[in-house]
Amino acid sequence: MHLLFFFLLLLKHTVADLMLQRYFVSGANKQNYLDSYSQRHYTHHSVLTFFIALFFTDITMALTLAILDHIAHWHIDFTKTSIIRKFNFNTQNKIFWALQSADQSLHFATYYFLTLLLV
């Protein structure tokens with residue numbers, strides 16, 4: 001059952017990062033720590049995590065997992081974007097893609113951690 005939870009979080013991540021962010025969060029400035037558009041993106045993640053978690057646990061734990069997902073996603077994206085902008089990295093730089101890979105790995109590690117909390 002916990003593997004299903006983890007798998008659903010991975011699917012949720014692709015929907016929130018690729019589809020919802022593209023269509024509902026244009027104009028985000030993730031380098032701005034409190035940017036409202038960026039917060040909307042992180043809220044997509046946390047709300048979807050909350051609804052997925054409700055199938056596996058009680059409302060309090062589901063809310064806890066959602067808040068943790070929000071905070072983690074916020075800080076991972078903020079840090080990655082800040083580094084990219086500080087050093088003017090772009091898609092032509094190898095380090096840009098290394099940072100993107102690190103970003104995604106940290107998000108997946110977050111979902112692994114949330115799954116462990118559920119156990």
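# A first look at a four-helix protein

Lys12 lies in helix α1, and this residue makes a good place to start. The model you see is predicted. Its secondary structure comes to four helices and zero strands, so read from the N terminus the elements run α-α-α-α. Of the 119 residues in the protein, 37% are buried.

**Lys12 and its surroundings**

- Lys12 has a relative accessibility of 4% and counts as buried, because the cut-off for that word is under 20%.
- Leaving aside neighbours within four places in sequence, Lys12 is in contact with His45, Leu48, Thr49, Ile52, Asp69 and Tyr111.
- One of these partners, Thr49, is 37 residues away from Lys12 in sequence, yet their C-alpha atoms are 7.4 Å apart in space.

**Salt bridges**

- Side chains of opposite charge can pair when their charged atoms come close.
- The count for this protein comes to two salt bridges.
- Asp69 forms a salt bridge with Lys12, and the closest N and O atoms of the pair are 2.8 Å apart.
- Because Asp69 lies in helix α3 and Lys12 in helix α1, this pair ties together parts that are 57 residues apart in sequence.
- Both Asp69 and Lys12 are buried.
- Asp103 forms a salt bridge with Lys80, with 3.9 Å between the closest N and O atoms.
- Here Asp103 lies in helix α4 and Lys80 in helix α3, so the pair ties together parts that are 23 residues apart in sequence.
- Asp103 is buried, and Lys80 is buried too.

**Aromatic pairs**

- A pair of aromatic rings is described by the distance of the centres and the angle of the planes.
- The structure holds six aromatic pairs, and two of them are described here.
- Tyr42 and Trp74 form a stacked pair, with 6.4 Å from centre to centre and 15° between the planes.
- This pair links distant parts of the chain: Tyr42 is in helix α2 (residues 36-54) and Trp74 is in helix α3 (residues 59-86), 32 residues apart.
- Tyr42 counts as buried at 1% relative accessibility, and Trp74 also counts as buried, at 14%.
- Phe50 and Phe51 form an edge-to-face pair, with 5.4 Å from centre to centre and 70° between the planes.
- Phe50 counts as buried at 17% relative accessibility, whereas Phe51 counts as partly exposed at 45%.

**Helix α4 and His107**

- Helix α4 covers residues 94-118, and His107 lies in it.
- The 25 residues of α4 should span 36 Å at 1.5 Å a residue, and the end C-alpha atoms are 37 Å apart, which agrees.
- The buried residues of α4 are Phe96, Leu99, Asp103, His107, Thr110, Tyr111, Leu114, Thr115 and Leu118.
- An α-helix has 3.6 residues a turn, so residues three or four places apart point the same way.
- His107 has a relative accessible area of 2% and is buried.
- Apart from its neighbours within four places in sequence, His107 is in contact with His13, His73, Ile76 and Asp77.

**The surface**

- The protein exposes about 7,100 Å², and carbon and sulfur atoms supply 70% of that area.
- Met1, Leu4, Phe7 and Leu11 make a nonpolar surface patch of about 430 Å².
- Phe7, one member of this patch, is found in helix α1 (residues 2-24).
- Phe7 is partly exposed, with a relative accessible area of 44%.

**The loop between α3 and α4**

- Asn88 is found in the loop between α3 and α4.
- The phi angle of Asn88 is near 55°, a positive value in a residue other than glycine.
- Asn88 counts as exposed at 62% relative accessibility.

**Contacts across the chain**

- Among contacts between residues at least 6 apart in sequence, 68% join residues at least 24 apart.
- The contact list of Lys12, in helix α1, includes Asp69 and Tyr111.
- Asp69, its salt-bridge partner, lies in helix α3, and Tyr111 is one of the buried residues of α4.

Technical notes:
Residues are numbered from 1 along each chain as its sequence is written. This is a predicted model: local features need pLDDT of at least 70, side-chain atom pairs count only at pLDDT 80 or more; totals for chains, interfaces and linings use all residues. Side-chain values use heavy atoms; hydrogens and water are left out. Patches are made of residues with over 30% relative accessible area and no salt bridge: like charges are joined within 9 Å, nonpolar side chains (Val, Leu, Ile, Met, Phe, Trp, Tyr) within 5 Å. Accessible areas come from the Shrake-Rupley method with a 1.4 Å probe; for residues, only the protein chains shown count as cover. A salt bridge is a side-chain nitrogen of Lys or Arg within 4 Å of a carboxyl oxygen of Asp or Glu. Helices (H or I, at least four residues) and strands (E, at least two) are DSSP runs, numbered from the N terminus. Buried means under 20% relative accessible area, exposed over 50%, partly exposed in between (1.4 Å probe, protein chains only). Rings of Phe, Tyr and Trp (its six-membered ring) pair if their centres lie within 6.5 Å; planes under 30 degrees apart count as stacked, over 60 as edge-to-face and the rest as tilted. Contact means heavy atoms within 4.5 Å. The expected span of a helix is 1.5 Å times one less than its number of residues.
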